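Please look over the sequence and the model below before reading on. The report that follows moves from the core to a helix, then to a loop residue and a pair of charged side chains.

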Amino acid sequence: AIHPSSVNQPLLRFNHNFLIYHEKVKTTRVYIRDCSVISPYAILLFGGPITVKHESGQVIVDKWIYLQTPAQTAVLFKELRQALDQLLTKKINDPSLDMLGTDVVATIVHLLVDENKLEK
């Protein structure tokens, strides 16, 4: 259950089927606190390793999160994640690097914003 003090507690429906949380506690029952709704695109971009099941149109993230998506879309997300990893490595090596003006960051922002527009 979502903790009664959470801003998400009174909500009956979420835009997406996934919640992430920072803390799980047991008081009178088990609660999650500091939770946020997370979209499938965010999971594909920032979750664990991706396995693409081309024949079934399934993507498995971190060996336990199953998503339905065309294989081509999943492969594109894998490539975008690799590009982000490369960009972050460059940023670590050169902290003055401006990442905001890059195509990789612009693409990620565009995907996440557009995904939320599709849900409405």
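## Core, helix and salt bridge

In this predicted model, the largest nonpolar core holds 21 residues, and among these Leu44 and Val61 touch the most other members. At least two residues of this core come from each of helix H1 (40–46), strand S3 (50–53), strand S4 (58–61), S5, H2 and helix H3 (103–119), with H2 giving the most, namely six residues. Such an arrangement can be set beside a general tendency: in soluble globular proteins, nonpolar side chains tend to be buried together.

Leaving out residues up to four places away in sequence, Leu44 touches Ile50, Val59, Val61, Leu67, Phe77 and Arg81. Two of these, Phe77 and Arg81, are also among the buried residues of H2, which include Ala71, Ala74, Leu80, Leu84 and Leu87 as well. H2 itself has 23 residues and spans 33 Å from its first C-alpha to its last, close to the 33 Å expected at 1.5 Å a residue.

Thr69 lies in the loop between strand S5 (65–68) and helix H2 (71–93), and it counts as buried because its relative accessibility is 15%, where the limit is under 20%. Apart from neighbours within four places in sequence, Thr69 is in contact with Gly57, Gln58, Val59 and Ala74.

The count of salt bridges comes to one, and in this bridge the side chains of Glu23 and Arg33 meet at 3.2 Å, N to O. The pair links distant parts of the chain, ten residues apart, and the table sets out its two partners.

| Residue | Strand | Relative accessibility | Class |
|---|---|---|---|
| Glu23 | S1 (residues 18–26) | 30% | partly exposed |
| Arg33 | S2 (residues 30–38) | 28% | partly exposed |

Key. Residues are numbered from 1 along each chain as its sequence is written. This is a predicted model: local features need pLDDT of at least 70, side-chain atom pairs count only at pLDDT 80 or more; totals for chains, interfaces and linings use all residues. Side-chain values use heavy atoms; hydrogens and water are left out. Helices (H or I, at least four residues) and strands (E, at least two) are DSSP runs, numbered from the N terminus. Buried means under 20% relative accessible area, exposed over 50%, partly exposed in between (1.4 Å probe, protein chains only). Contact means heavy atoms within 4.5 Å. A nonpolar core is a set of buried Ala, Val, Leu, Ile, Met, Phe, Trp, Tyr and Cys residues joined through side-chain atoms within 4.5 Å. The expected span of a helix is 1.5 Å times one less than its number of residues. A salt bridge is a side-chain nitrogen of Lys or Arg within 4 Å of a carboxyl oxygen of Asp or Glu.
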